[in-house]
Amino acid sequence: MTDLHSHLLPGIDDGAKTLADAVAMLKMQQADGVRTVCVTPHFYPGLETPDEFLARRAAALEQLLPAAAPYGIRLVEGAEAAISETLPELGRLDELCLAGSRTLLVELPVAWMPPWAESVLDELLAGGIRPLLAHVERYSYFRSDFSRLERLVRLGCYAHVTASNVVRADEVGKASRQMLRRGLAQALGSDAHSPSRRPPRMGEAARRLGARRMGQIEHTAAALLGPHTAPPKAPAHGLLAGFGW
Ligand SMILES: [Fe+2]
């Protein structure tokens, strides 16, 4: 299993505070059958440059790698880039992408979708970067109007839902599962921040979703982590009903 979104790198953002926290989460991932974990610390374009971010990330990874070695989990570098009007023009975007791929994990504001968001995503796509929208079930503007998410997926974006939300019984949980079923979200990430407060919970999500859907999700994860430069084609028709999810 692949986790496309996590805050396991110690001491770099609001995720793992210590190396012990990070290792505790790796143990949980291993027990759940996760074999690839993307480490995606928050990157805020207005607050630091890619150079500064990448230096911090490299230092945190250097700390984690030896401790992670016994768990047999492949760690893949990435970033959770907050959307901003300047994002497409920033240098070193390739290095912010999930390592070796052209997939960039992009976070939208929780409370509203900026009017310029679509053109920024379009610009990224035009530059050969495929945005993977983070935890789309968390945005009330998508939950209340799936067509807004559909529009971005048709544009060429991908979207993931959060493992810990997939298992919830409330409106957020239902929206997560519907988004997957309708092809509006195609991938899964834990967005794990800590072993206690926000643990990974990938195994629970996998059991809830079932083997067939997890097979599709894994297939998508492999494609998203692949090296292809051209964005894969978004479903051409029947997005809401016929994507086969
Ligand atoms: Fe995150």
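Which elements do the buried residues of α2 pack against? They pack against α1 (19-32), β3 (42-43) and β4 (74-77). The model behind this report is predicted.

**Helix α2**

Helix α2 covers residues 50-68, 19 residues in total. Its span from first C-alpha to last is 25 Å, close to the 27 Å expected at 1.5 Å a residue. Five positions in α2 are buried: F53, R57, A60, L64 and A68. An α-helix has 3.6 residues a turn, so residues three or four places apart point the same way. These buried residues of α2 supply the packing against α1, β3 and β4.

R56 is also found in helix α2. How many other C-beta atoms lie within 10 Å of R56? The count is 17, so R56 is partly exposed; a buried residue would need 20 or more. R57, by contrast, is among the buried residues of α2. R56 also lies 9.5 Å from G11, C-alpha to C-alpha, although 45 residues separate the two in sequence.

**How α1 meets α2**

Two packed helices are described by the angle between their axes and the distance between the axes. Here the axes of α1 and α2 come within 10 Å and cross at roughly 45 degrees. The two helices are therefore oblique to each other. Their crossing is right-handed. On the α1 side, the contact is made by L19, A22, V23 and L26. On the α2 side, Q63, L64, A67 and A68 take part. By type, the contact residues divide into 7 nonpolar, 1 polar and no charged. L64 and A68 of α2 thus appear twice: they are buried, and they belong to the contact with α1.

**Two residues with positive phi**

Most residues other than glycine have a negative phi, and most peptide bonds are trans. Two loop residues go the other way: H135 has a positive phi, and D191 has a positive phi too. The table sets out their values.

| Residue | Phi | Loop location | C-beta atoms within 10 Å |
|---|---|---|---|
| H135 | near 30 degrees | between β7 (130-133) and α5 (140-143) | 26 other C-beta atoms |
| D191 | about 50 degrees | between β9 (187-189) and α9 (202-224) | 25 C-beta neighbours |

Are these residues buried or exposed? H135 is buried, because 26 other C-beta atoms lie within 10 Å. D191 counts as buried as well, with 25 C-beta neighbours inside 10 Å. Each residue is found in a loop: H135 sits between β7 and α5, while D191 sits between β9 and α9.

Methods:
Residues numbered from 1 in each chain as written. Predicted model: local features only at pLDDT ≥ 70, side-chain atom pairs only at ≥ 80, totals over all residues. Helix = DSSP H or I, 4+ residues; strand = E, 2+ residues; numbered from the N terminus. Expected span 1.5 Å × (residues − 1). Buried ≥ 20, exposed ≤ 12 C-beta atoms within 10 Å, placed from the backbone. Contact = placed C-beta atoms within 7 Å. Axes fitted to C-alpha atoms, helices over the stretch in contact; angles between N-to-C directions. Parallel < 35°, antiparallel > 145°, perpendicular 65-115°, else oblique. Left-handed = near helix turned anticlockwise from the far one by under 90°. Nonpolar A, V, L, I, M, F, W, Y, C, P; charged D, E, K, R; others polar.
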